[in-house]
Amino acid sequence: MWRYVLRRLLQAIPVFIGTTLLIYAMVFALPGDPIQALAGDKPVPENVLAVLRDRYNLNDPLLVQYAKYMWGLFQGDLGENYTGQSVSEMLSGRWAVTAQLAVTAWVFELVLGVLLGIWAGLRRGRFADTLVLSGTTLVIAVPVFVLGYAAQLLFGLHWQIFPTAGTDDGWPMSYLLPGMVLGSLGLSYVARLTRTSLSENLRADYVRTANAKGLSRARVVGRHALRNSLIPVVTYLGVDFGNMMAGAVVTEGIFNLPGIGGQVFESIQLKEGPVVVGAVTLLVLIFLLVNLVVDLLYGVLDPRIRYE
């Protein structure tokens, strides 16, 4: 297995370089002068502009800029924004907020999504199955900002079960409601995917054989059918965790959470390319790591999968 892990890590290097180079090129291809944008409509002396452009390597070709960025990255330096602030320091506090939000949402969709999927899959064609399919279809159809404001109004203001905004109550209270909103779409897909996969595996030959051997219903479902059914679910959960880390902008905005999504959005508006590239670089690393963990979990769920 260790050879497989090493091989996957080596394969991740060109993926990481290609992804970060693409993001770097897209960010720095945005129109406008980021140095001039710092001053707004006020005129800036040409000598000052020249010094600042030279300091932040804006006069260099794209590949030279990228090479200097990667050299700093290998030394643990994400660079500075155009006002001299360290990108690492700017992102450090916000990463904690986004990570806590993403983990809360991910656990919510994992636990409740899988349980609902099992409940529907074992009762295919009956009321429970129809209820889960109808409920998840409704959640998928409602935009996340509508769901967020509705949850904030009902559970926060009207019933006062959860805090409405901010992080003053700490984890988990401040993150439960936004976590449920953020994880609601993924929960729906996990429930439907688990339900479909489980109902198909329950009709497979190996399940019929297990039933013919006289194994209990719980053993047949839990040890045989469910383990194979969870392989596509684990794949989706791995990808969705990365999506949550990167795509929580709307949820963070609704619940006034100072996370990484809001920082990236603000940096794009202010044309602060180093901050955007630094944040996306860390997201790419997380995504690659999660995918590696997901691949390793395949062998746990299905012993037929071997790493050679």
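## Helix H12 and the salt bridges

Just after H12, lysine 271 adopts a positive phi of about 60°. The model is predicted. Helix H12 itself spans residues 260-269, and its buried residues are Ile260, Gly261, Gln263, Val264 and Ser267. These residues cover an arc of only 160° around the axis, which puts them on the same side of H12.

The whole structure holds 4 salt bridges. Among them are these three pairs.

| Acidic residue | Basic residue | N to O distance |
|---|---|---|
| glutamate 80 | arginine 55 | 3.3 Å |
| aspartate 129 | arginine 195 | 2.8 Å |
| aspartate 205 | arginine 208 | 2.7 Å |

What does the salt bridge between glutamate 80 and arginine 55 tie together? Glutamate 80 sits in the loop between helix H4 (62-74) and helix H5 (87-121), while arginine 55 belongs to helix H3 (residues 46-55), so the pair links parts that are 25 residues apart in sequence. Glutamate 80 is partly exposed, at a relative accessible area of 34%.

The pair of aspartate 129 and arginine 195 joins two helices. Aspartate 129 lies in helix H6 (residues 127-141) and arginine 195 in helix H8 (residues 173-201), so this bridge ties together parts that are 66 residues apart in sequence. Aspartate 129 is buried, with a relative accessible area of 3%. Arginine 195 also counts as buried, at 12% relative accessibility.

Aspartate 205 and arginine 208 both lie in helix H9 (residues 205-212). They are 3 residues apart, about one turn of the helix. Aspartate 205 counts as exposed, because its relative accessibility is 58% and the cut-off is over 50%.

Notes. Residues are numbered from 1 along each chain as its sequence is written. This is a predicted model: local features need pLDDT of at least 70, side-chain atom pairs count only at pLDDT 80 or more; totals for chains, interfaces and linings use all residues. Side-chain values use heavy atoms; hydrogens and water are left out. Buried means under 20% relative accessible area, exposed over 50%, partly exposed in between (1.4 Å probe, protein chains only). Helices (H or I, at least four residues) and strands (E, at least two) are DSSP runs, numbered from the N terminus. The arc is that of the directions from the helix axis to the C-beta atoms. A salt bridge is a side-chain nitrogen of Lys or Arg within 4 Å of a carboxyl oxygen of Asp or Glu.
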